Amino acid sequence: METVVFEPPKDAATNALAAFARHPADVFFETQNPDEEVMLLLRQHWAVNLPWLVLTFFAAVFPVFYLLGRGYGYFSLPLPENMQNLFVMAWYLLACGFVIENFLNWYFNVYIVTNRRVIDVDFYGLLYKKVTEASLDKIQEVSYKDPGLWRIFFDFGDVLIQTAAAQVEIDFLSVPKPQEVVRIISSLIHKIK
Amino acid sequence: MNQFSPYLEKLFAVFSQNTLWATVKAFFVIGLFLYIIFAAIVVRQVSLLSATIGTSLSPKLKLFSLIHLLASVLVFLAAIFLV
């Protein structure tokens, strides 16, 4: 298989939190070959994080209102004060765990396009990881869909990659600029075939 | 009803209140102990995921997961000794 080599553009992505990064700097993956270059790194659009971010905001401010209310004598739980303080600490600890799990879930669920293949890394919950990949020369069809006002407004959608092997289908879910992703993958396929 | 009843009632009230707080504290301690296990799994998880996908943020994420583990241990100790 011929390897396509591209010069990294001057605007190579350096933001480690980017959901759409062309030629991302300092990114490597477990099964990367020495001559393999990461062309595109994708995560789900940041808008998919809004529900848990809003929940986190309310979880963070709730104890503040409680402590203020207690301070001004409006209300108080029927618990000793040190136990109430422990309750607040435990609350923030749980909120922290909630944020960490959701962030890791978003950050490490990545889609990678290299100059040789596409890779979908999924991890579910705490301990289950699934990596699916397909060579560019095995890809038969690349399409995208962005149904819904929310997705059109924020410009994100699903990219569907159909390979020659019928059972392998890689879906890049809720990624930013799906039409751009399709264009980049199609261009790589044409160059490699 | 005898002359000792009010004292017994008072003693029983103190005893039940202490039992209640002891039960609440026990739940806190058990819950926080389970949380420490969760935090330790997160540390391991970040380490494994960083090996799968390495980025410039990976060292910071590892550090943050360790701080989270340390915080969970401190809250656990606070539940045992300060409450």
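Start by selecting Lys129(A) and Glu30(A): in this predicted model, their side chains form a salt bridge, with N and O 3.6 Å apart. Now colour by secondary structure. Lys129(A) sits in strand 6 (residues 128–135) of chain A, while Glu30(A) is in the loop between strand 2 (28–29) and strand 3 (38–42) of chain A, so this pair ties together parts that are 99 residues apart in sequence. If you want to go hunting for others, a search of the whole structure turns up 8 salt bridges over all chains.

Next, stay in chain A and select residues 50–71, which are helix 1, plus residues 81–107, which are helix 2. Their axes run 10 Å apart and make an angle of about 170°. Angles over 145 degrees count as roughly antiparallel, and helix 1 and helix 2 of chain A therefore get that label.

Show side chains here. From helix 1 of chain A, the contact residues include Trp52(A), Leu55(A), Ala59(A), Phe62(A), Tyr66(A) and Arg70(A). Facing them from helix 2 of chain A, look for Glu81(A), Val88(A), Trp91(A), Tyr92(A), Phe98(A) and Phe103(A), among others. Colour this helix 1–helix 2 contact of chain A by class and you get 16 nonpolar, 4 polar and 2 charged residues.

Now bring up both chains and look at where they meet. Chain B puts 30 residues into the contact and chain A puts in 35. About 2,900 Å² is buried between chain B and chain A, and carbon and sulfur atoms give 81% of that area. How many salt bridges are there between chain B and chain A? The count is 0. Polar contacts do turn up, though: 7 residue pairs across the interface of chain B and chain A, both residues at pLDDT 80 or more.

Hide chain A for a moment and check the side of chain B that touches it. Helix 1 (5–52), strand 1 (53–54) and helix 2 (58–81) of chain B each supply at least two residues. Helix 1 of chain B gives the most to this side, with 15 residues. By class, this side of chain B has 21 nonpolar, 8 polar and 1 charged residues.

Last stop: Val43(B), in helix 1 of chain B. Leaving out residues up to four places away in sequence, Val43(B) touches Ser65(B), Leu66(B) and Leu69(B). Put a distance label on the C-alpha atoms of Val43(B) and Leu69(B): they are 7.6 Å apart in space, with the residues 26 apart in sequence.

Notes: Residues are numbered from 1 along each chain as its sequence is written. Chains are lettered from A and ligands numbered from 1 in the order in which they are written. This is a predicted model: local features need pLDDT of at least 70, side-chain atom pairs count only at pLDDT 80 or more; totals for chains, interfaces and linings use all residues. Side-chain values use heavy atoms; hydrogens and water are left out. Axes are lines fitted to C-alpha atoms, for helices over the stretch in contact, and angles run from 0 to 180 degrees between N-to-C directions. Helices (H or I, at least four residues) and strands (E, at least two) are DSSP runs, numbered from the N terminus. Angles under 35 degrees count as roughly parallel, over 145 as roughly antiparallel, 65 to 115 as roughly perpendicular and the rest as oblique. Contact means heavy atoms within 4.5 Å. Ala, Val, Leu, Ile, Met, Phe, Trp, Tyr, Cys and Pro count as nonpolar, Asp, Glu, Lys and Arg as charged, and the others, Gly among them, as polar. Buried area is the accessible area (1.4 Å probe) that two parts lose on being put together, summed over both. A salt bridge is a side-chain nitrogen of Lys or Arg within 4 Å of a carboxyl oxygen of Asp or Glu. A polar contact is a pair of N or O atoms within 3.5 Å; within protein, one must be able to donate a hydrogen and the other to accept it, and residues adjacent in sequence count only if both atoms are side-chain atoms.
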